[in-house]
Amino acid sequence: MRRNILAIGLALFFGLNLSAQLNTNEVDYEFDENENNKTRSMFIWLPGILTKGFSLFINKEKEPDLKHTLRFLGGMKIRILEGNSNSAKWKRKTNRWERKVKRKNLDDLMVVKNADTVVHLKAGLPGNGKIKNYAFLINTDGTAVLLLGKSKLDLKKLVKLVEKVSS
Amino acid sequence: MKLYQKILLISISLLGTLNLSAQHDQLLKFFDQLQGKDGFTTVYITPKMFELFTDIETNDEDFNEVSDAISMLKGVRILILDSVGSLTYNPIKLYDEVSNAAEKISYEELMIIKDGDTDVKFLIREQSKIIEEVLLLVGSEDSFVFISLMGNIDLKKLSALSKSMDVEGLDYLEELENY
């Protein structure tokens, strides 16, 4: 009996997990907006295990810096918004993004502004040249991208590895 | 010294400090006014970005030179006006306006370079003989560049920055090596 419950539990868990993963890549349309001005949003989740997995294929002797970066880069979530930047959906989504980034208490590293483009680069810096988490926010006329990631990147180590390669 | 004299002296020095910071704010206001306008690109690099590189030491001399220069900085503001789509602003007029305004407030002229039809001006803002800001203005018929480097600046070290940052106008920092 216990085994049956466990088996059903596991099956349900994996089922839910799979459906959750499928939803993440779903592209949803705003049907109440004008067809030409529809705002589309996309969410891509790149788990940290994937970047770590890629690092296994990198040669440690030839490209130690790239291997280190991929190994400690961690997972990232990418949100893309395309369409009419004056639509209600756009404003709702971008406001939500801003709140999300604000909650993470990240420090501003760089801000670039152009006539219709704003780029923010933010990171959580615990000190010692380490980057704990980061956010990259681009807002242009018609496209907005938010990249949020967690990492264990150590810049000191990375610079040493680059130095090793160049020497 | 009597008490009221001390109070007067402290008030005057406080007023002087406030006045200096207000003058500095005038240039920041200019930067804020123009950012995001058609034809202008602005970049603000915060002190946190520079803190990232301060503790890193390597055996690479070039990197250490650049790292030394970066560690002095507490912020960089860059404003670039390209000719495309900027008909309402005349780059040469903007160059004159900003350099006159900067000279009127606490900035001192350090170096002027005439490179063909391009005018380059270095201005500095000092406090207690420490350079707190270097202002680089580049003006020509089709572009205007405003670069403000803030921190405790050693002019000799600053030239190393031009090697690491690929920004229009920043290559003129190399001229500071000969200063």
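# Close-ups of a two-chain predicted model

**Figure 1. Where the two chains join strand to strand.** Strand β3(A) lines up with strand β1 (residues 40-45) of chain B, the two pairing in the antiparallel sense over 4 bridges. Keep in mind as you look that this is a predicted model. To find your way in, pick out M110(A), which stands opposite I45(B) in β1(B). The contact between the chains takes 17 residues from chain A and 19 residues from chain B. On the chain A side, the elements giving two or more residues are β3 (107-113) and α5 (155-166). Of these, β3(A) gives the most, with 7 residues. What classes of residue make up the side of chain A that touches chain B? There are 8 nonpolar, 3 polar and 6 charged residues.

**Figure 2. One sheet that runs through both chains.** Zoom out a little and you'll see an open sheet of 12 strands with antiparallel pairing. Strands in a sheet pair through backbone hydrogen bonds, in either a parallel or an antiparallel way. Try walking across the sheet: the order is β1(A)-β2(A)-β6(A)-β5(A)-β4(A)-β3(A)-β1(B)-β2(B)-β6(B)-β5(B)-β4(B)-β3(B). Which strands sit at the edges? They are β1 (40-46) of chain A and β3 (108-115) of chain B, each of which pairs on one side only. On average, neighbouring strands of this sheet are turned by 10 degrees against each other, direction ignored.

**Figure 3. Stepping from strand to strand in chain B.** Start at β1(B), which is joined by 6 bridges to strand β2 (residues 73-82) of chain B, and these two run antiparallel. Here I45(B) turns up again, standing opposite V76(B) in β2(B). That residue also stands opposite M110(A), so to speak a handy landmark for both views. Next, β2(B) pairs with strand β6 (residues 143-153) of chain B, again in the antiparallel sense, over 9 bridges. Look for G75(B), whose bridge partner in β6(B) is M150(B). For the whole chain, there are 6 helices and 6 strands, arranged along the sequence as α-β-α-α-β-α-β-β-β-β-α-α. Chain B has 179 residues, and 30% of them count as buried. Take the contacts in chain B between residues at least 6 apart in sequence: 56% of them join residues at least 24 apart.

**Figure 4. Two hairpins in a row in chain A.** Strand β4(A) is joined to strand β5 (residues 130-140) of chain A by 7 bridges, and the pair runs antiparallel. One spot to check is H120(A), which stands opposite L137(A) in β5(A). These strands form a hairpin with 5 residues between them, and G127(A) in the turn has a positive phi of about 110 degrees. Carry on along the chain and β5(A) is joined to strand β6 (residues 143-154) of chain A by 10 bridges, also antiparallel. K130(A) has D154(A) in β6(A) as its bridge partner. How many residues lie between the strands in the hairpin of β5(A) and β6(A)? There are 2, and G142(A) in this hairpin takes a positive phi near 105 degrees.

**Figure 5. The surroundings of G124(A).** G124(A) lies in strand β4 (residues 118-124) of chain A. Why does G124(A) count as partly exposed? It has 16 C-beta neighbours inside 10 Å, while the buried class needs 20 or more and the exposed class 12 or fewer. Leaving out residues up to four places away in sequence, G124(A) touches K104(A), N105(A), L106(A), K132(A) and N133(A). K93(A) is 31 residues from G124(A) along the chain, and their C-alpha atoms are separated by 23 Å.

**Figure 6. Helix α4 of chain A.** Helix α4 (residues 88-103) of chain A has 16 residues and reaches 23 Å from its first C-alpha to its last, close to the 22 Å expected at 1.5 Å a residue. This helix is hardly covered, with 1 buried residue among its 16. Just after α4(A) comes N105(A), which takes a positive phi of about 55 degrees; N105(A) is also one of the residues that G124(A) touches.

**Figure 7. How confident the prediction is in chain A.** Chain A averages a pLDDT of 78, and 77% of the residues score at least 70. Among the elements of chain A, strand β2 (residues 76-82) has the highest mean pLDDT (93) and helix α1 (residues 2-24) the lowest (49). Over residues 12-33 of chain A the pLDDT is below 50, and this stretch has 16 contacts in the model beyond near neighbours in sequence. Where pLDDT is low, don't read the predicted coordinates in detail.

How values were computed:
Residues are numbered from 1 along each chain as its sequence is written. Chains are lettered from A and ligands numbered from 1 in the order in which they are written. This is a predicted model: local features need pLDDT of at least 70, side-chain atom pairs count only at pLDDT 80 or more; totals for chains, interfaces and linings use all residues. Two residues are in contact if their C-beta atoms, placed from the backbone, lie within 7 Å. pLDDT is the predictor's confidence in each residue, from 0 to 100. The expected span of a helix is 1.5 Å times one less than its number of residues. Ala, Val, Leu, Ile, Met, Phe, Trp, Tyr, Cys and Pro count as nonpolar, Asp, Glu, Lys and Arg as charged, and the others, Gly among them, as polar. Two strands pair if DSSP finds at least two bridges between them. Axes are lines fitted to C-alpha atoms, for helices over the stretch in contact, and angles run from 0 to 180 degrees between N-to-C directions.
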